[in-house]
Amino acid sequence: MNSEQKKRSWSDLVHAAREVMPPEGIDVRDDILFAIQSERRTSPPPTTGLLDELAELFRSGWMRGALAALALTTGAVAWQGANAAAQFAFALDLQGMLLAPL
Amino acid sequence: MPAPANSQPDEDIGLVREAQAGSHEAFEQLVEKHQSSMIALLHRFAPQRADLEDLVQETFLNAWRGLPTWQPRQPFIHWLRKIAVRVGLEACRRWSRSTLSRRVEGTSDFQDLLETIADTRTPPNPASALEEIHFILALLPPEDRTLITLLHLEEMPVLEIAALLDWSATNTKVKAFRARHRLRKLLKQHGYTFYE
């Protein structure tokens with residue numbers, strides 16, 4: 001018997017291996033469902049648009065308070081500014097009267 | 001066999017559309033319908049039950065995650081087979097990197113064991129033949145291992161392998177030629193005969 005006959009043939013191995021049936025009773029449905037449900041629970045919330053985020057921001061209490069305070073401050077400054085503007089206009093008028101004869 | 005593109009309506013399309021809309025029940029039905037063919041395909045890569053279950057789960061989980069990108073250009077089953085083959089290839093890569101496989105396959109004991117197996121005169125029984133093949137394929141690079149698994153064990157044509165792995169036909173033929181060459185060399189080293 002020569003050495004070729006002693007050795008195993010790859011083709012024989014492959015032919016034999018193709019006959020092997022996969023193990024029976026494998027069912028991955030429950031594992032898959034569990035995994036995809038877990039993914040949904042742990043996944044981050046979907047990203048929202050800029051407008052949605054702004055609307056959410058304006059709904060918050062602290063933002064409403066801050067906006068009210070800002071509006072009051074702006075009104076006070078505008079009132080004071082209006083007085084200053086009137087005085088400035090009066091000064092310009094005077095100046096106009098003084099400069100007019102020239 | 002390459003899937004015919006649009007030659008007949010995809011019978012899964014209704015369930016896939018429901019699953020795309022988020023229906024777990026529809027996806028469960030798809031898993032039930034296709035898991036046996038995925039098990040048969042992935043069993044070529046992983047003869048051990050635990051590994052096989054992991055690969056099948058990974059395939060369906062990847063399919064679930066990829067569902068929003070699925071287009072009816074190709075049948076769902078063809079798309080699923082693509083995912084399964086890629087999962088098989090990734091598993092081969094993981095196994096080739098794992099400490100255990102490096103520790104076992106690199107030793108002289110492993111080489112001795114291979115030569116002892118090859119010298120056995122009794123014809124192989126199917127289960128041990130599959131184990132033996134995986135023992136040998138573990139010595140090849142992951143892509144070669146994947147290609148030989150699909151070509152020899154699954155008897156898949158080169159063109160279908162190319163389609164499933166998104167490789168060009170020419171590239172796949174060259175890779176298959178090189179994989180066979182490396183396998184032949186390895187088998188010769190360990191005293192096996194190799195005819196195709």
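**Helical organisation and interchain contact in a predicted two-chain model**

In chain B, 64% of the contacts with a separation of 6 or more are made by residues 24 or more positions apart. The model is predicted. Chain B contains 10 helices and 0 strands, and its elements follow the order α-α-α-α-α-α-α-α-α-α from the N terminus. Of its 196 residues, 34% are buried.

Helix H9 of chain B, spanning residues 158-165, contributes the buried residues B:Ile161, B:Ala163, B:Leu164 and B:Leu165. The cover over these buried residues includes helix H4 (76-97), H8 and helix H10 (169-189) of chain B. Immediately after H9(B), B:Asp166 adopts a positive phi of about 55°.

Chain A is likewise without strands, its secondary structure amounting to 5 helices and 0 strands. The pattern along its sequence is α-α-α-α-α. Buried residues account for 6% of the 102 residues of chain A.

The contact between the chains involves 26 residues from chain A and 37 residues from chain B. On the side of chain B that touches chain A, two or more residues are supplied by each of helix H2 (24-43), helix H3 (49-66), helix H7 (126-137) and helix H8 (142-153) of chain B. By residue class, this side of chain B comprises 21 nonpolar, 9 polar and 7 charged residues. Helix H8 of chain B thus appears in two settings: among the elements that touch chain A, and among those that cover the buried residues of H9(B).

Notes
Residues are numbered from 1 along each chain as its sequence is written. Chains are lettered from A and ligands numbered from 1 in the order in which they are written. This is a predicted model: local features need pLDDT of at least 70, side-chain atom pairs count only at pLDDT 80 or more; totals for chains, interfaces and linings use all residues. Two residues are in contact if their C-beta atoms, placed from the backbone, lie within 7 Å. Helices (H or I, at least four residues) and strands (E, at least two) are DSSP runs, numbered from the N terminus. Ala, Val, Leu, Ile, Met, Phe, Trp, Tyr, Cys and Pro count as nonpolar, Asp, Glu, Lys and Arg as charged, and the others, Gly among them, as polar. A residue is buried if 20 or more other C-beta atoms lie within 10 Å of its own, exposed if 12 or fewer, and partly exposed in between; C-beta atoms are placed from the backbone.
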